[in-house]
Amino acid sequence: MSDPYASRTPLHEQPIDGFGTVRVLPLDPAADAAVIHHWVSEERAVFWGMTGLTEQQVAGIYAHMATLDTHHAHLVVRDGEPVALLQTYEPEADRVSECYTVRPGDIGVHLLLAPAGPGGGQPGWTARLVSVVAAYVLLGLGRRRVVVDPDVRNEKAIARFLSMGFTPGPVVALPEIDLPDVYLPEKKAQLAFLDREILFPG
């Protein structure tokens with residue numbers, strides 16, 4: 001089967017024995033809208049706040065994000081199959097900066113995994129994928145610490161981050177944002193942090 005993403009230049013590419021080659025690509029808001037809309041429309045993605053949106057609305061959100069210097073969207077593919085939506089952002093340009101003291105070298109990350117295939121989830125699958133994302137943001141982008149802000153009700157995501165070495169921070173209320181191009185309701189979030197030295201000592 002041909003790789004539909006082969007023509008895109010990856011920002012990061014990493015082969016993993018027994019897993020495949022994972023590439024982090026810039027998201028194409030138009031070309032990737034159908035895939036992303038399918039993922040964010042599922043009940044499990046309710047914390048992303050896009051359930052109920054049309055494919056065109058989702059495309060519009062990411063087209064707007066593509067105009068920003070502080071927020072970036074990526075499609076993560078494994079051997080030509082899309083497996084995750086990755087968003088990175090500068091915490092000082094995000095509402096999370098109102099809830100904690102941003103350090104130089106911080107980078108914010110949102111990660112939405114693709115639905116499990118017909119065979120269900122595979123042990124270690126998520127950890128391998130997250131290790132590639134961590135290598136991209138901490139080594140590829142030269143950052144010192146990852147910041148995540150899952151919804152406090154999203155116990156599965158919080159447990160996953162803590163199992164990977166993240167240190168829990170405070171539970172905070174991310175303030176509502178109501179702008180012409182973007183609306184985000186107030187969110188009660190569990191902050192967590194991962195220092196580069198934890199995964200990549202030395």
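Q: How do you know what share of the contacts in the chain joins residues 24 or more positions apart?
A: In this predicted model, contact means heavy atoms within 4.5 Å. Among the contacts with a separation of 6 or more, 60% are between residues 24 or more positions apart.

Q: Why is the chain called as compact as a globular protein of its length?
A: The chain holds five helices and 10 strands. Its radius of gyration is 16 Å, and the globule rule gives 17 Å for 202 residues; the two values are close, so the chain is as compact as a globular protein of that length. The C-alpha trace spans about 45 × 45 × 30 Å along its principal axes.

Q: What makes strand S3 mostly covered?
A: A residue counts as buried if its relative accessible area is under 20%. In S3, which covers residues 71-78, six of the eight residues are buried. For the chain of 202 residues, the buried share is 43%.

Q: How do you know which strands pair with S3?
A: Two strands pair if there are at least two bridges between them. Strand S2 (residues 20-26) has five bridges with S3, in the antiparallel sense. Strand S4 (residues 81-89) has eight bridges with S3, also antiparallel. Both counts satisfy the cut-off of at least two, and therefore S3 pairs with S2 and with S4.

Q: Which residues stand opposite Val-77 of S3?
A: Arg-23 stands opposite Val-77, and Pro-82 in S4 is a bridge partner of Val-77.

Q: Which residue takes a positive phi in the hairpin of S3 and S4?
A: Two residues lie between these strands, and Asp-79 has a positive phi near 50° in this hairpin.

Technical notes: Residues are numbered from 1 along each chain as its sequence is written. This is a predicted model: local features need pLDDT of at least 70, side-chain atom pairs count only at pLDDT 80 or more; totals for chains, interfaces and linings use all residues. Side-chain values use heavy atoms; hydrogens and water are left out. Helices (H or I, at least four residues) and strands (E, at least two) are DSSP runs, numbered from the N terminus. The radius of gyration is taken over C-alpha atoms; the globule rule is 2.2 Å times the number of residues to the power 0.38. Buried means under 20% relative accessible area, exposed over 50%, partly exposed in between (1.4 Å probe, protein chains only).
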